[in-house]
Amino acid sequence: IHADQVIYLPIEQTTEAFGGEPKNFYYYPFGGPHPIRDKQEVFQQRKINPGAKAKICFMISSTGTNLQNIIDLIEQGDISAEITNVIANHKNAFGLVRAQKHAIPNIAIEYSAKSTAIKDRNTYEDQLIKHILNEPPDIILLSGWDMILGDKFLKKMQEEDIGVFNHHPALLPKSSSDTVTTSRGTFPVMRGYGFKNSYAKKLPVAGVTIHQIVPGNKVDTGPVVMQAEVRTRKNDTLKEYETRLRTMEYLLVPTAIKKILHVVHTHNISISNGYFPW
C-alpha cells in the first residue's frame, strides 16, 4: 500500500472508541493483564441447584418470531435448554400458536386496565409471579413484550435468582445516559420503538441490544449483555431498514442466550443484583 508507517492507537484510545475502559477488554497479547492468570474473580453462586437443562420463560405480546427462532435452534441442538413457559399479555398473540405447535406450555394473562392504575398493575404482576413460580425458570426473556414491568415483579424475580432480559431494536448505553457512543459518533438513545425513531431521525447507525432488567431503572436501561451495530444505508426504506435490523436480532439473541446460560446455568452464578460484568 506504499505506506511508510503503520501506527496503532494506544489501548486507552482503542477501548474508548468502543465505548469502554481498558479493564473491560482483553488485550493480554498487547501487554495487558491476563484475565485468568492475573485475577480470578469469585462470583456469588445462585441459591438454587441448576437442573439438567437450562429453563427459559418467554414473555411475548405478538408474533413471536424470535421465540420461533429459539425453538428451532433448541430442536436442532444448537442451544442446550428448554422453553418451559410462554406467557402472552394478549390472547391473540401468534406466539402462543407457535408454542402450541411445539407442545410448549403457554398461557395468555391479559391486562385490560390503564397503565397508570397502580392497584390493577400490582394485581396483574401478582398473577405473573404466581404463574412463573409454578415452575421457576433460570431466565426470563422479554421478546416483543409491550408492557413495562414494575419493581414489584422485578424484585421478586431478583429474590428468586431469576434473571430478566430484554432485546431492544436500538443501541443502548451501559448506563442510564441519554446518549450512546457508536462507531459513527455519539447519538441520542432510541428508547421505546427504537428502529422507527432512529429511521425517522436519519441516524447513520442503529443496532440491537440485549440487556438485563433490574429494579429501580427506567425504561430500556440496565446492564448490557451484548449489542451489535447496523449501518444505515442512504436509500433505505423503513421496511428494508427494519429487515436488516431483524436479521441482526435473529443472530444476536441466540448468541446472547448462550452467553447468559453459560453464566447462569453452567456456572450457577447469581446475576440478579445486576452487577455481573457481562
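Buried means under 20% relative accessible area, exposed means over 50%, and partly exposed lies in between (1.4 Å probe, protein chains only). The model is predicted, so that local features need pLDDT of at least 70 and side-chain atom pairs count only at pLDDT 80 or more, while totals for chains, interfaces and linings use all residues. Residues are numbered from 1 along each chain as its sequence is written, and side-chain values use heavy atoms, with hydrogens and water left out.

**Exercise 1.** Describe the backbone and the surroundings of His2.

*Solution.* Begin with the backbone: His2 is not a glycine, and yet its phi is positive, at about 60°. Next, place His2 in the segment that precedes helix H1 (11–17), where helices are DSSP runs of H or I with at least four residues, strands are runs of E with at least two, and both are numbered from the N terminus. Finally, a relative accessible area of 86% makes His2 exposed.

**Exercise 2.** Characterise the salt bridge between Lys156 and Glu159.

*Solution.* A salt bridge requires a side-chain nitrogen of Lys or Arg within 4 Å of a carboxyl oxygen of Asp or Glu, and the two side chains meet at 3.7 Å, N to O. Both residues belong to helix H5 (residues 151–159), where they are three residues apart, about one turn of the helix. Lys156 is partly exposed at 26%, and Glu159 is also partly exposed, at 47%. Lys156 and Glu159 are further linked with Glu160 in a network of salt bridges.

**Exercise 3.** Determine whether Asp236 and Arg244, which meet in a salt bridge, are buried or exposed.

*Solution.* The N to O distance of this pair is 2.3 Å, and both residues are buried.
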